[in-house]
Amino acid sequence: MMEKSPIYNVIAVPVEKVTANDYNPNVVAPPEMRLLELSIWEDGFTMPCVCYYDKEKELYILVDGFHRYTVLKTSKRIYQRENGMLPVVVIDKDLSNRMSSTIRHNRARGTHNIELMCHIVAELDRAGMSDQWIMKNIGMDRDELLRLKQISGLAELFSDHNFSIPEMTAPPVDLL
């Protein structure tokens with residue numbers, strides 16, 4: 001049993017002392033990577049990376065946070081602002097438990113609910129935010145924004161109407 005959560009021991013580690021694991025199945029598409037870079041630029045690192053410290057190699061091996069680590073390594077402006085330091089918490093687990101931790105971290109993040117995303121887009125639109133602002137700050141391309149606006153617009157069109165599904169009649173008699 002864990003005595004204290006690792007989050008209470010965040011340390012700043014030179015990114016050169018961190019390495020990726022070789023088993024992370026998580027993939028992030030380029031638009032989401034650009035959004036992650038913007039998020040870290042605008043909001044800073046708000047979550048540390050999770051690592052295992054390999055004493056023999058004197059390296060921190062990522063368990064969770066590969067894409068945050070990648071942003072620090074590839075974004076010159078973030079690298080400079082952070083002085084090349086990555087916020088890390090360390091867990092001490094064997095390889096199989098680190099692998100399961102990686103999967104739990106990835107799967108626990110979930111996905112975005114379309115209905116809620118439509119609501120957010122509609123609220124931003126009503127607040128007078130431009131399509132460009134919404135696309136930049138939520139990380140959407142023009143097609144995705146258009147689809148969400150169409151969905152939310154259709155929902156508004158039908159919000160004051162009651163609909164019912166007609167009862168099905170008995171299935172036709174089999175003519176065989």
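**Exercise 1. A salt bridge between two helices**

Is R77 buried, partly exposed or exposed? Determine this in the predicted model, and then describe the salt bridge that R77 forms with E37.

*Solution.*
Step 1. The relative accessibility of R77 is 35%. Buried means under 20% and exposed over 50%, so R77 counts as partly exposed.
Step 2. The partner, E37, counts as buried because its relative accessibility is 17%.
Step 3. The two side chains meet with an N to O distance of 2.9 Å.
Step 4. R77 belongs to helix 3 and E37 to helix 1, so this pair ties together parts that are 40 residues apart in sequence.

**Exercise 2. Further salt bridges**

State how many salt bridges the model contains, and describe those of R81 and E123.

*Solution.*
Step 1. The count comes to 6 salt bridges.
Step 2. R81 pairs with E82 at 2.9 Å, N to O. R81 is partly exposed at 34% relative accessibility, and E82 is partly exposed at 22%.
Step 3. E123 pairs with R126, with the closest N and O atoms 2.7 Å apart. Both residues lie in helix 5 (residues 114-126), where 3 residues, about one turn of the helix, separate them. E123 has a relative accessible area of 38% and is thus partly exposed.
Step 4. Salt bridges with shared partners also join D125, D131 and K149 into one network.
Step 5. D131 offers a link to helix 7 (residues 142-157), where L146 is found. The C-alpha atoms of L146 and D131 are separated by 9.1 Å, with their positions 15 residues apart along the chain. L146 is partly exposed, at 46% relative accessible area.

**Exercise 3. Strand order and pairing**

Set out the order of the elements along the chain, and then establish which strands pair and in which sense.

*Solution.*
Step 1. The chain has 7 helices and 5 strands, in the order β-β-α-β-β-α-α-β-α-α-α-α from the N terminus.
Step 2. Strand 1 and strand 5 are antiparallel and share 4 bridges; V13 has L86 in strand 5 as its bridge partner.
Step 3. Strand 5 also pairs with strand 3, in the parallel sense and over 3 bridges. Here C51 is matched with V90.
Step 4. Strand 3 runs antiparallel to strand 4, with 5 bridges, including the one between Y53 and Y60. This hairpin has 4 residues between its strands, and E58 takes a positive phi near 55 degrees.
Step 5. Strand 4 is joined to strand 2 (residues 18-19) by 2 bridges in the parallel sense, and T19 stands opposite I61.
Step 6. Strand 4 has 5 of its 6 residues buried, so the rest of the structure largely encloses it.

**Exercise 4. The nonpolar cores**

Identify the residues with the most contacts inside the largest nonpolar core, and trace the elements that contribute to this core.

*Solution.*
Step 1. The largest core has 16 residues, and V18, L86 and V88 have the most contacts inside it.
Step 2. Two or more residues come from each of helix 1, strand 3, strand 4, helix 2 and strand 5. Helix 2 gives the most, with 3 residues.
Step 3. Beyond its neighbours within four places in sequence, V18 is in contact with V13, C51, L59, Y60, L62, Y69 and L86.
Step 4. A second, separate core has 10 residues, among them C118, I134, M140 and L148.

**Exercise 5. The surroundings of helix 2**

List the buried residues of helix 2, and examine the contacts of H67.

*Solution.*
Step 1. H67, R68, Y69, T70, V71 and L72 are the buried residues of helix 2.
Step 2. These residues pack against strand 2, helix 1, strand 3, strand 4, helix 3 and strand 5.
Step 3. H67 counts as buried at 12% relative accessibility. Outside its neighbours within four places in sequence, H67 is in contact with N26, V27, V28, M33 and L36.

**Exercise 6. A nonpolar surface patch**

Locate V10, and describe the patch that includes V10.

*Solution.*
Step 1. V10 lies in the segment before strand 1 (11-14), and at 43% relative accessibility V10 counts as partly exposed.
Step 2. Together with I7 and Y8, V10 forms a nonpolar surface patch of about 320 Å² of accessible area.
Step 3. For the protein chain, the accessible surface comes to about 12800 Å², and 56% of this belongs to carbon and sulfur atoms.

Notes: Residues are numbered from 1 along each chain as its sequence is written. This is a predicted model: local features need pLDDT of at least 70, side-chain atom pairs count only at pLDDT 80 or more; totals for chains, interfaces and linings use all residues. Side-chain values use heavy atoms; hydrogens and water are left out. Buried means under 20% relative accessible area, exposed over 50%, partly exposed in between (1.4 Å probe, protein chains only). Patches are made of residues with over 30% relative accessible area and no salt bridge: like charges are joined within 9 Å, nonpolar side chains (Val, Leu, Ile, Met, Phe, Trp, Tyr) within 5 Å. Accessible areas come from the Shrake-Rupley method with a 1.4 Å probe; for residues, only the protein chains shown count as cover. A salt bridge is a side-chain nitrogen of Lys or Arg within 4 Å of a carboxyl oxygen of Asp or Glu. A nonpolar core is a set of buried Ala, Val, Leu, Ile, Met, Phe, Trp, Tyr and Cys residues joined through side-chain atoms within 4.5 Å. Contact means heavy atoms within 4.5 Å. Two strands pair if DSSP finds at least two bridges between them.
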